[in-house]
Amino acid sequence: MELIKPGRQFDFMSKRWLFIGLSGVLLLLSIISFIVPGPKLGTDFKGGTEIEVAFKAPVSSAEVREAVSKSGFDSPDIVSVADQSNPNRYLIRVHEVSALSEPQKAAVRERMCLAPEDGSVPEDRCPQAVRATEVKFSPGGDKISARYDVAPDLEGLKKQLEGIEGVDLRPSANNPLVVSERDNKVELYLKSKGDQLMDGLREHLGADKVPDQALRVEWIGPKAGAQLRDAAIKSVLITIFFIMAYIAFRFDIRFAPGGILALVHDVGIALGAMVITQREITLSTVAALLTIVGYSITDTVVVYDRIRENLGKHRDMSFAAVINFSLSEMLGRTILVSFTTFLSLVMFLFYGTGVIRDFAFTLVVGIVVGTYSSIYVAAPLTEWIDRKFFGSNSSKRKKVNRVRTQKRADAVV
């Protein structure tokens with residue numbers, strides 16, 4: 001299948017400044033979008049709790065948001081999940097995580113009669129059966145481990161924690177649980193933020209609408225989120241560095257800056273599109289950005305390979321003319337490959353749900369700008385570098401050929 005007739009030429013380089021200006025505007029908008037309105041980070045990066053609930057009866061997103069807010073959670077994010085088997089399915093995200101605050105931990109230690117350093121506890125309120133000698137909290141804040149000198153009074157432990165705000169024992173016959181009779185070690189399981197969310201929904205929407213359990217509960221702390229965010233940034237930067245090294249080794253040092261600028265251009269605009277449309281930036285988004293990097297550099301390498309091949313074949317042509325010739329030859333192939341990939345992603349964009357739709361949106365934008373950047377970003381920058389720093393060897397050859405031809409003509413005369 002031939003979209004472009006063989007031998008047809010297009011003058012891409014004459015329009016390069018127009019499209020470079022367009023790229024500059026798009027990148028500027030992407031940078032501004034990080035200030036206003038700012039990126040919408042998912043729970044992967046900023047921490048929080050996420051639950052997915054399939055309600056028993058019809059309920060609107062406004063009703064769910066109001067119920068979550070009344071339960072004490074700030075700025076909840078309610079997303080309707082398309083599911084033909086259950087049309088009342090929602091994804092609920094809140095900023096709060098299960099970790100206990102320092103005041104809550106201090107209150108727990110005081111209630112469990114943990115003696116402070118160089119201090120003591122009142123004997124009348126703290127008999128040995130409920131006097132902890134050690135109290136530890138799990139990283140998630142939903143489990144407390146305690147040790148005692150004697151066999152602990154489990155019912156007394158339950159009463160100790162009553163009334164502490166945000167600290168509620170999870171209902172169970174085995175809570176608290178003695179995990180080591182020899183060491184008198186006890187574990188107490190607290191309600192997580194997911195449990196508290198479900199309790200709040202039942203209280204404000206009714207048990208006839210809210211199921212007994214959520215379909216899925218996930219949480220991540222802010223510290224872990226920051227680590228994931230830094231790791232994601234490093235992964236993108238390391239990928240770009242090694243790609244630059246590969247291009248410099250595979251082709252020529254003058255080709256590397258154009259390829260890398262095209263990658264930064266594609267990732268920057270795709271990320272800006274995510275921010276402008278207020279789509280969540282998550283680990284899945286980072287995976288999409290890395291996919292864009294791979295797709296973009298593949299297209300750029302194919303174009304570079306044809307340019308290098310034609311540089312050897314057409315020594316009498318200028319570098320700009322070789323670029324036009326090579327891009328014209330590759331245009332049909334580029335359109336077919338990009339359009340085929342674009343169509344498959346559009347289906348996911350319109351018919352996908354949740355994370356898949358955001359992933360597809362990022363890739364759609366990346367494929368469009370990636371195809372465009374190979375023609376109007378990578379190739380023009382390579383031509384400019386060749387002309388500015390390498391003296392345009394092809395132009396020198398043309399000048400030498402003209403001098404030799406003139407000398408032969410003079411000799412004949």
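**Chat: helices on a sheet, and a helix pair**

Trainee: Which strands does helix H6 (residues 193-205) lie across?
Mentor: H6 lies across strand E2 (48-54), E4 and E9, and runs at about 45° to E2. Helices (H or I, at least four residues) and strands (E, at least two) here are DSSP runs, numbered from the N terminus. Angles, from 0 to 180 degrees, are taken between N-to-C directions of axes fitted to C-alpha atoms, for helices over the stretch in contact. Contact means heavy atoms within 4.5 Å.

Trainee: Anything I should know about the model?
Mentor: This is a predicted model, where local features need pLDDT of at least 70 and side-chain atom pairs 80 or more, while totals for chains, interfaces and linings use all residues. Residues are numbered from 1 along each chain as its sequence is written, and side-chain values use heavy atoms, leaving out hydrogens and water.

Trainee: OK, Gln196 in H6: buried or exposed?
Mentor: Buried, at a relative accessible area of 16%. The label needs under 20%, exposed is over 50% and partly exposed is in between (1.4 Å probe, protein chains only). Beyond residues up to four places away in sequence, Gln196 touches Phe73, Gly166, Asp168 and Lys191.

Trainee: Back to the sheet: what's the strand order?
Mentor: E3-E4-E2-E9, an open sheet of four strands with antiparallel pairing. Two strands pair if DSSP finds at least two bridges between them. Strand E3 (77-80) and strand E9 (216-220) are the edges, each pairing on one side only. On average, neighbouring strands are turned by 15° against each other, direction ignored.

Trainee: How many bridges join E3 and E4?
Mentor: Four, in the antiparallel sense, with E4 covering residues 89-94. Ser80 has Tyr90 of E4 as its bridge partner. Helix H3 (residues 61-70) lies across E3 and E4, at about 35° to E4.

Trainee: New topic. At what angle do H8 and H9 pack?
Mentor: About 145°, with the axes of H8 (residues 256-276) and H9 (residues 283-313) 9 Å apart. Residues making the contact include Gly258, Ala262 and Met274 of H8, and Leu289, Ile292 and Tyr304 of H9.

Trainee: And Asn310 in H9, what does its side chain make a polar contact with?
Mentor: The side chain of Glu329, at 3.2 Å. A polar contact is a pair of N or O atoms within 3.5 Å; within protein, one must be able to donate a hydrogen and the other to accept it, and residues adjacent in sequence count only if both atoms are side-chain atoms. Asn310 also counts as buried, at 2% relative accessibility. Leaving aside residues up to four places away in sequence, Asn310 touches Val322, Phe325, Ser326 and Glu329.
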